Amino acid sequence: MDLSALGLVLTVALGAAFDVGTRRIPNFITVGGFAVALVLRVSTGGVDALVGGRLGALLAFLLAFPLFMLKGMGGGDVKLLTAAGAFLGPYKTFVALLATALVGGVLAIAVSLYRRRLGTSLAGTFTVMRGLALKALSGGEVDAVPTLETKGAVTVPYGVAIAAGSVFMSH
């Protein structure tokens with residue numbers, strides 16, 4: 001395993017472990033992982049690799065930040081995805097984000113089933129998607145939709161999904 005792959009695995013594994021244990025992903029993991037990724041990229045591949053790492057990080061941030069603004073994802077998740085993007089570069093980041101979404105969906109269904117709240121979770125997901133679609137079509141305000149802060153919302157440690165999707169793409 002090369003140093004970049006090892007750095008990615010350590011970053012996302014630590015992020016997932018903290019997320020499971022505390023429901024927080026500390027900045028020392030995300031910012032540290034981001035810095036390590038860029039240093040490794042420039043030292044092994046020069047300026048082109050550094051640019052690729054920055055583009056991967058930017059792509060991850062641009063796709064995750066709107067979910068944070070809608071209160072559908074935590075800030076630590078956004079930062080962990082951004083750090084992973086710095087390790088992976090733009091193409092692998094895009095595929096890792098798709099894999100992360102798939103794993104996150106499966107994890108959310110599993111947690112919902114375990115808590116016997118699958119119907120409520122699916123209804124909340126439908127409400128969010130409908131609200132976003134209506135806002136996109138009308139340009140107006142979204143009615144109140146469920147968020148991570150909604151009482152009774154089923155939440156998952158998304159750091160686990162980020163770790164799985166990122167490690168999947170590191171090969």
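User: Why is aspartate 19 said to have no salt bridge, and which side chain of opposite charge is nearest?

Analyst: In this predicted model, the nearest side chain of opposite charge to aspartate 19 is that of arginine 23, 4.2 Å away. A salt bridge requires a side-chain nitrogen of Lys or Arg within 4 Å of a carboxyl oxygen of Asp or Glu. The value of 4.2 Å does not meet that cut-off, and therefore aspartate 19, although buried, has no salt bridge.

User: What does the side chain of aspartate 19 reach, and what makes this a polar contact?

Analyst: The side chain of aspartate 19 reaches the backbone nitrogen of glycine 159 at 2.7 Å. A polar contact is a pair of N or O atoms within 3.5 Å, one able to donate a hydrogen and the other to accept it. The distance of 2.7 Å satisfies that limit, so the pair is counted as a polar contact.

User: Where is aspartate 19 found, and which residues does it touch?

Analyst: Aspartate 19 is found in helix H1, which covers residues 3-22. Leaving aside residues up to four places away in sequence, aspartate 19 touches Arg24, Ile25, Asp77, Pro157, Tyr158 and Gly159.

User: Why is arginine 23 called partly exposed?

Analyst: Arginine 23 has a relative accessibility of 36%. Buried means under 20% and exposed means over 50%, with partly exposed in between. Because 36% falls in between, arginine 23 counts as partly exposed. Arginine 23 lies in the loop between H1 and helix H2 (27-69), and has a positive phi of about 65° although it is not a glycine.

User: How do you know that lysine 71 is partly exposed, and where is its place?

Analyst: The relative accessibility of lysine 71 is 40%, so this residue also lies between the limits of 20% and 50% and counts as partly exposed. Its place is in the loop between H2 and helix H3 (75-114). The phi of lysine 71 is near 60°, a positive value in a residue other than glycine.

User: What makes threonine 30 buried?

Analyst: Threonine 30 has a relative accessible area of 2%. This value is under 20%, and therefore threonine 30 is buried. Threonine 30 lies in helix H2. Not counting residues up to four places away in sequence, threonine 30 touches Ile25, Gly76, Lys79, Leu80 and Ala83.

User: How is phenylalanine 68 classed, and which patch includes Phe68?

Analyst: Phenylalanine 68, in helix H2, has 33% relative accessibility and so counts as partly exposed. Phe68 belongs to a nonpolar patch on the surface, with Val47, Val51, Leu55, Leu58, Phe61, Leu62, Phe65 and Met69. Together these residues have about 800 Å² of accessible area. Patch members need over 30% relative accessible area, and the 33% of phenylalanine 68 therefore meets that requirement.

How values were computed:
Residues numbered from 1 in each chain as written. Predicted model: local features only at pLDDT ≥ 70, side-chain atom pairs only at ≥ 80, totals over all residues. Heavy atoms only, no water. Helix = DSSP H or I, 4+ residues; strand = E, 2+ residues; numbered from the N terminus. Buried < 20%, exposed > 50% of the residue type's maximum accessible area, 1.4 Å probe, protein only. Lys, Arg positive; Asp, Glu negative; His and termini not counted. Contact = heavy atoms within 4.5 Å. Patch = residues over 30% accessible without salt bridge, like charges linked within 9 Å, V, L, I, M, F, W, Y side chains within 5 Å. Areas by Shrake-Rupley, 256 points an atom, 1.4 Å probe, with all protein chains shown as cover.
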